Number of protein chains: 4
Amino acid sequence: MINGERTLMRPLRWGMVGGGRTGQVGYKHRTGALRDGTYQLVAGAFDLDAQRGREFGTNLGVASDRCYATYQDLIAGEADREDKVDVVSVATPNFTHFEITKALLQAGIHVICEKPLFFTVAECDEIRDLASKNGLIVGVTYGFTGHPLVHQMAAMVAKGLLGDIRIIDMQYTHGFNAGDDTNAGDAVKWRTNPATAGSTFVLGDIGTHLYYLSEVVLPHIKVERLLCDRKAFIPTRAPLEDHATVLMHYDNGARGRLWSSSVNAGNMGSQRYRFIGSKASVEWSDSHPDQLLYEVQGEPNRILHHGMSYLEDESLAVDRMGALHTEGLGDSWANIYLWIAQAIDARMRDDDAFLASHHYPGIEAGTEGVRWLENCVRSADAGAAWVDYK
Amino acid sequence: MINGERTLMRPLRWGMVGGGRTGQVGYKHRTGALRDGTYQLVAGAFDLDAQRGREFGTNLGVASDRCYATYQDLIAGEADREDKVDVVSVATPNFTHFEITKALLQAGIHVICEKPLFFTVAECDEIRDLASKNGLIVGVTYGFTGHPLVHQMAAMVAKGLLGDIRIIDMQYTHGFNAGDDTNAGDAVKWRTNPATAGSTFVLGDIGTHLYYLSEVVLPHIKVERLLCDRKAFIPTRAPLEDHATVLMHYDNGARGRLWSSSVNAGNMGSQRYRFIGSKASVEWSDSHPDQLLYEVQGEPNRILHHGMSYLEDESLAVDRMGALHTEGLGDSWANIYLWIAQAIDARMRDDDAFLASHHYPGIEAGTEGVRWLENCVRSADAGAAWVDYK
Amino acid sequence: MINGERTLMRPLRWGMVGGGRTGQVGYKHRTGALRDGTYQLVAGAFDLDAQRGREFGTNLGVASDRCYATYQDLIAGEADREDKVDVVSVATPNFTHFEITKALLQAGIHVICEKPLFFTVAECDEIRDLASKNGLIVGVTYGFTGHPLVHQMAAMVAKGLLGDIRIIDMQYTHGFNAGDDTNAGDAVKWRTNPATAGSTFVLGDIGTHLYYLSEVVLPHIKVERLLCDRKAFIPTRAPLEDHATVLMHYDNGARGRLWSSSVNAGNMGSQRYRFIGSKASVEWSDSHPDQLLYEVQGEPNRILHHGMSYLEDESLAVDRMGALHTEGLGDSWANIYLWIAQAIDARMRDDDAFLASHHYPGIEAGTEGVRWLENCVRSADAGAAWVDYK
Amino acid sequence: MINGERTLMRPLRWGMVGGGRTGQVGYKHRTGALRDGTYQLVAGAFDLDAQRGREFGTNLGVASDRCYATYQDLIAGEADREDKVDVVSVATPNFTHFEITKALLQAGIHVICEKPLFFTVAECDEIRDLASKNGLIVGVTYGFTGHPLVHQMAAMVAKGLLGDIRIIDMQYTHGFNAGDDTNAGDAVKWRTNPATAGSTFVLGDIGTHLYYLSEVVLPHIKVERLLCDRKAFIPTRAPLEDHATVLMHYDNGARGRLWSSSVNAGNMGSQRYRFIGSKASVEWSDSHPDQLLYEVQGEPNRILHHGMSYLEDESLAVDRMGALHTEGLGDSWANIYLWIAQAIDARMRDDDAFLASHHYPGIEAGTEGVRWLENCVRSADAGAAWVDYK
């Protein structure tokens, strides 16, 4: 993969809803999509301010007449084009994900959507059925899970190098919301308002990354019971939380600990995962993402570096920069975007065999994230009580 | 303090029960006690094997006739000496702490005891009353809390540099018991047997270090509710635990997370503390104990090094090696032993004023550790349920 | 910059010589060039094997008839096209750089070339004159210098935060050539052969990165004298070196130490820079590139994280991912490619004012790298003697 | 060793010259000597201020009449005692080492002396002969070389795990002298004055630690040629240096790089050693002294922790705290003091067989340190030229 060769039928014609000049997330989508020639950005409704969105889009090389004011305009404007967009990414606040995704799918357009996907599992199920009926793919941008060392961990677990999984310890915290929201920007405001964010703040915003990555590494075990203790240290954020701890009991007897917070004052780079088995542990953190700690009890601790030939094939296959050269978050997004492109390409070719064994964060992954959030909220609302996972 | 000058009336005559050749803990006591000339080792019942204990003691310079076979012999043998031991350290398995401490106090001898102190708060209270009646000191060897950067954290909290305390995250884990106990040594066997270890394994063995250190740093907040989820991944250890997570709600609204485990395969140096306030966080770990992380949201993270003049006076006062020179665990024990010696010295001089303001891990600290364990077990036994702290 | 908006007149039509399936470096060029829509890959002579190169190019979306067998074919084939390539990147072994660059410039095509640029300063001067005469840009891919924290260091030096520069300590080492070359691949073979690599191995291959980055951070001081002690621990590599230490005396009295080696067995991520001034030091390493160490004597050490608002404007302007999100080497290359594109765009527009103040690694940077190598070799050949820099 | 059992004939009667209240170094000697019961502090001339020295000594438990005003008084006062001191430590400025050591040896007293031992090799030779004639031991406090991981490195080299040694990279730097000496204390003043410090500042003060430790790890290779580039960034320190780089060529073809500086602004914990062989490298730093990096090319990097059973016997034999428990610099000094005590004990018993194979930093080690300094100065004075080592 290191050379960036891709074997799609053709580059995908790609559009965006949101992701304009005033936010941070749009660049992540573009840097993920564009570097391999897999996608070509041809259309967009980039901004609530139509004029600003058009300027922005044309600066990026999108034709002026395909810079639309709204997602509805985009759907209408593209409908009859021969070179109609194949796929559109949704990079807007949470509360708009469902309606935009639904409209795009109804218009026959594949969708790539930000997480958390929707507000409820019921909405997820409706979208799943709609996509299935229309033969379309829904991808979800769990951007960190494209890193080659994540797939190294998954491969090591699958090979049994860790033995029986016993403890899962996960943390994604920062301190950017340690102060109150008096002067907060729009991105904070919509995230702390249930009407626009859904039933959670940090659990949905960053906690879902933890949960999905753990599913990628540990597909063989499932949560049976869960307890979520959440709190808003800045009271205006209630009933949403800026701090939460989730304890999980898995069906194999494993114990999970998950911590998500945005009031961890001063904390940087604390997205951490430790998977502990009866034979060994692995630990990965985005504070030094190119290193994987592999620890066998009674032996020297080992540091595995991305791109090295001693890694599992599954990791090397998705390595982009090669050893000694830092993989950034953009490289991870590029893998996610590529895998979704391969799914769309296969869907277009009706290649069900490929799809059956192809891994990418799709509607099921998005649904599981929402389901996990529903269970967390149910526990928290019951007074941080244990609830059966359902 | 850096020069090791001590101003006791005279060196204390010191004895040991346990701590002989076959265990690890005795050396920690001796290296803590002897380097400052504060204590002189003059007697001991070092070993269950009397002959081996005598050989050991005489190698250390103890007179042969003061190397006793049992603690009862020690008490009897010292009773009528003019140079009778002032204080005896108890470095034996948990289940013997109470009876030995009680006998020593009854014989008019000050006591320094390993943690966890006793099995129940009721026992602690009985010892407290006995010590008080006899005018004696009971010290507890919470050995990590002598480090100068622990006292830096406490001073920073006291000055308000962290603002309101919000989150306490603590971890003391290792993997030395990741395998089963088929070939385990005595030190594991007595620690995993309720008859000899009490009602906990890792919570008492290492978790109490976390809890006591947090009390030193945060004396102003108290646990109100607590939930303990514990498990024995090696089934033969049940009902004791080799893994536990404790969630705590404090009276100021803070949230605590504590993790203690001895099945964290391969894990080294993971005694970690992070205290998060509304203004800033501090973090300290024994994987690089000479550094303290101080993080103010929105500013560069800071690393404070022990012995530097920018530290608080409370930290510099207990620094032994000076900047650039590593403080080891032995230096921390030396501070603990010194503080207990100062308490004993003051007690001998009836200096109540000194004692009123002198900080050292005494009977109250030991009692609080046992109380915390009782609450943890009560929660765990109720199915990892929330319990009011009492 | 974070949104990836670019304001060139139009995307540049881009070609490649080399960079095909069997090497690692091509992907770095493409990931640097393509993510912003600044360049469009339209032509290439990717491979010595013409058929393999054509397959490769078409997989990347290049039209089959613009996948050429040789660079001569590329020049000929593009010559009369209306949509002729604007710029071509040269990603081939060192010994071909000069002839390919010269031919491209003669054909009126801008050039982006790998380092070390050419074999001699005389060649560099010839190319500089040719480019100047033809109104063309020559860019050099010093790929690490696009990182925002490199520019933070430069800005801090420029503001005087470090005081007078005293010591420069630099290291770029790895161990990939610790064994002999019996089974070495082509990339090692040409790098250790003077005919194809020029007069140095590791000094040119990785040492020039160190030297150029130091010029970016410290444009105001110059080397006056230099001593280079080099050695081939694998004898077949002689007269080229697999290990070298270079000592430098600067015109302001500063002292430099530079270490470059490819026999540092097992060593990973050791590209390190420390710039020490009379007031403070800064240190940056690609083992954790998102952090910059800033150390003022007598104060706590500080860790600065990329993307944070406390950084200098010069750093934030070139940040791509934003705080908390890892910048990879690809992001750094993307900045380099963008800056070269802006130079080409300005050149096309005859915007001399822009070019006069625009910083990018151009022919001068490439020339200085070659000049430094010439001085190193002169010193080494004189028995690791001090030589005046010229 | 972990239990601190020692099998000397009897504890050594120990005295000190220097090491009083106003300096830092005395505590290091005492904490090294006293913790094992190997030495008993019975006499001292602790301070130039006799009254202050007496107060200090009696606080430490030394009898008032054995707290002497001068070292001459100490020698005279102890001469006729039955319980005369066996050994005296010299913890005074460099320029006094020779005369005090000579006088003590003439009085039949073993000596433990700070480094750098004396000013010239000639002085060293004179002392060696005197000690030999009088049957006395001279120990030198190279305090860092007692760490168990130093001996792990030596054992790994001896077993051939590193293959042929190729590169030695060493650094001991700090920034405490980054500012000028206007308000410097006595300890800085005598160290920067040739009359009291000898012919070097940082090379003797901290550089000798590097050189001696490398001799412990690599006893089988010797320096053949050397180049020393030194400078005083604070001009008042000239002709002594506050920064020096030393390049070394060894008799097996290895290359050495050594950096010593006290103007590395803000730098903490940068005593680092990397020994690179044809098969593997090891790296140790006092910034995390409990960890040893062991790197085999092409395999995951390994972190070895002190006290773990996978270490070589030579390392475990000198481990004091056991795994998980930090070894401090004091523990390392304790080993050095113990090894010297064992040498003195053997000398007293005329046990030449023991002495023939017993390793400790003695007169030869001290002499080699002075010889190395003489070669460095000779090179520096010749304009940082290569000189043959002699």
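User: What turn lays chain C on chain B, and how are the two copies related?
Analyst: In this predicted model, chain C can be laid on chain B with an RMSD of 0.0 Å. The shift along the axis is 0.0 Å and the turn is 180°. The two copies are therefore related as by a two-fold rotation axis.

User: Which residue of chain C has the C-alpha nearest the axis?
Analyst: Think of the axis that takes chain C onto chain B by a turn of 180°. In chain C, the nearest C-alpha lies 2.2 Å from that axis. The residue it belongs to is R302(C).

User: At what angle do α9(C) and α13(C) pack, and is that parallel or oblique?
Analyst: Helix α9 of chain C covers residues 202-217, and helix α13 of chain C covers residues 363-381. Their axes are 10 Å apart, at an angle of about 120°. Angles from 65 to 115 degrees would count as roughly perpendicular and those over 145 as roughly antiparallel. That makes α9(C) oblique to α13(C).

User: How do the residues of the contact of α9(C) with α13(C) divide?
Analyst: From α9(C), the residues include L203(C), Y211(C) and E215(C). Among those they meet in α13(C) are W372(C) and L373(C). The residues of this contact divide into seven nonpolar, four polar and two charged.

User: Is the pair of F98(A) and F118(A) stacked or edge-to-face?
Analyst: F98(A) sits in helix α4 of chain A, and F118(A) in the loop between β4 and α5 of chain A, so the pair ties together parts 20 residues apart in sequence. The ring centres are 5.6 Å apart. The planes are at 85°, so the pair is edge-to-face.

Terms used
Residues numbered from 1 in each chain as written. Chains lettered and ligands numbered in written order. Predicted model: local features only at pLDDT ≥ 70, side-chain atom pairs only at ≥ 80, totals over all residues. Heavy atoms only, no water. Axes fitted to C-alpha atoms, helices over the stretch in contact; angles between N-to-C directions. Helix = DSSP H or I, 4+ residues; strand = E, 2+ residues; numbered from the N terminus. Parallel < 35°, antiparallel > 145°, perpendicular 65-115°, else oblique. Contact = heavy atoms within 4.5 Å. Nonpolar A, V, L, I, M, F, W, Y, C, P; charged D, E, K, R; others polar. Least-squares fit on C-alpha atoms with pLDDT ≥ 70 in both. Phe/Tyr/Trp six-rings, centres within 6.5 Å; stacked < 30°, edge-to-face > 60°.
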